[in-house]
Amino acid sequence: MSKIIPCDRPPAACDKETWKWDKYFHKVEKGKAKFVSPLALINSLVMDYSVCVQKGVVFETRNHDFDVLKKEQEPRWFAIVENTCGYYILSRFVNSTDYFWTHVLSRKVHTMLYAKSRDPKLERVFYCPPYSLKNEFEADLDSFIKKAQDEVIGKMGIKEEFEKDRHKLHRPAFRAGQRVELLSYANSLEIRVAHIQEVCGRRLNVTVRKRDYPRDFDELEDDRQAGHEGAQYWIDQDSFMMFPVGWAAINNYQLIANEDYIEHTKKIAEAFDDGTTPRYEINDATPDQFEKPPVDPVKWDKLNIGQKFELLDPLSQQFKCLHVASVMSFCKSDGYMIISMDGPQAAEESFPIHFHNLCMYPMNYARKHGIKLAPPDEFVGKFKWDEYLKKQKAVPVPEDVFKPMPSKERMDMIEVGMHLEAADMCENQLICPATIKSIHGRHINVNFDGWDSEFDQLYDIDSHDIFPAGWCDFQAYMLQHPKTD
């Protein structure tokens, strides 16, 4: 049985309640369980460190066999990654048959000889092989250490930047206390003032406060975005629902806010129109924090009002199918447009979205990849795109406007039956252990472990709501217990 070395991080209040993947480690060792690699889910961290989670990578780590030998120094040895379980790695000490599990993002994982390069006299650390090799190294420890170092020379190792930049994983783009503009979950035609309550990596707990809401706050009793006692509304820092202060005023979007805030953002909009620098208050979330990839002007110019496409509705309560949708209008803010599902309520159900989004797909994407396509509300008969376009006198969004499919190499890393962690998009404060049930193009159909298939949800593999195993452990975020646990 392999011993388990826990992730080295500050203790969290949820530790007694959070679910652990430990019981799966031995299944992985026996080839009876597989986990999605961080190389496949590249958007789970503030920065990408997925290169560390690969078989054959060598690193330096604490050797607990000698913790009591020199209390003023840390004992270390060299290890090779043999298998992975999300962010957890099964490793073997060099020249040894001793295996152990640890978290690749813990402070127990270091680049090779990083300590020696920073501490040449090894005053804070010392190198010592596992105690099980005592008979082999006790006669000439220095030669044994050099031999082990020579063995790993030339192998793929964790880069020095990992050690230097690891602290940046805890420096997200936003901070608690900042105010933002938040699209109303209950009425997508409205934007409200909200505040960031908590930050956990890329994830933000964003809620509407009573003092910022000019209407009867008690009416929001069942509103998940409302900041009642214990309220949680967790979204990714790149969520389509969140905007910088002043976005609604700039784009003439309906803003529900008190008079002081409205006047404040009117001045921001005026500065935007004049081409001058807006004056923000100290806690305002500003546009530079919402940085997006550049929009290709050639592709942008191909978009027109009325064009049709297929939509994974991000405001839905069931993320199982795509919908027929249209471009409704364009915003002043670069790269933003208004879209909506087709039907008699299209105008009332429209919402803003950036060009770089994870919900718009080309015509026939659903049919090609085995996903249900829901026709417009009140549509009668069997839906066929060609007939519908002809009847509506419309054209589809050109296929080359949409993001390209992920590489085959990346898609091959994803298999049915693999495990991961997934945020429930209906109750987004919950992150659950989950299993890939089927694959549909760039989408995976995820089943929350222990729950019926009626709760399955579709995720684009670039979604920020799916994570390799170990994300919650690293971020000290509670991982829900499976229903059957």
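Which residue in E23 does Ile 444 stand opposite? In this predicted model, select Ile 444 together with strand E23, and the partner proves to be Tyr 459.

Next, select residues 443–448, which make up strand E22. Strand E22 runs antiparallel to E23, and four bridges join the two. Widening the selection reveals an open sheet of five strands, with antiparallel pairing and the order E23-E22-E21-E20-E24. The borders of this sheet are strand E23, at 457–460, and strand E24, at 466–467; each of these edge strands pairs on one side only.

The tour now turns to the largest pocket, whose volume is about 1,100 Å³. To find its centre, select Asp 238, His 356, Asn 357, Leu 358 and Cys 359, the closest to that point among the 49 lining residues. Then colour the elements that each give two or more residues to the lining: strands E11 (234–236), E12 (242–243), E16 (336–341) and E17 (351–354), together with E23. Edge strand E23 of the sheet therefore appears again here, as a contributor to the pocket lining. By residue class, this lining comprises 29 nonpolar, eight polar and 12 charged residues.

The last stop is the second largest pocket, which holds about 390 Å³ of space. Select Pro 244, Pro 287, Ser 333, Asp 334 and Tyr 336; of the 17 lining residues, these are the closest to the centre. Helix H6 (247–250) and helix H7 (259–274) are the elements that give two or more residues to this lining. Its residues divide into 11 nonpolar, three polar and three charged. Finally, colour domain 2 (178–289) and domain 3 (303–397): each supplies at least three residues to the lining of the second largest pocket.

Definitions and conventions
Residues numbered from 1 in each chain as written. Predicted model: local features only at pLDDT ≥ 70, side-chain atom pairs only at ≥ 80, totals over all residues. Heavy atoms only, no water. Pairing = 2+ DSSP bridges. 1 Å grid on protein atoms, 1.4 Å probe; cavity = no way out; pocket = protein on both sides within 12 Å on 5 of 7 lines; lining within 4 Å. Points joined across faces, edges and corners; volume = space filled by probe spheres on them. Nonpolar A, V, L, I, M, F, W, Y, C, P; charged D, E, K, R; others polar. Domains from an automatic or database assignment.
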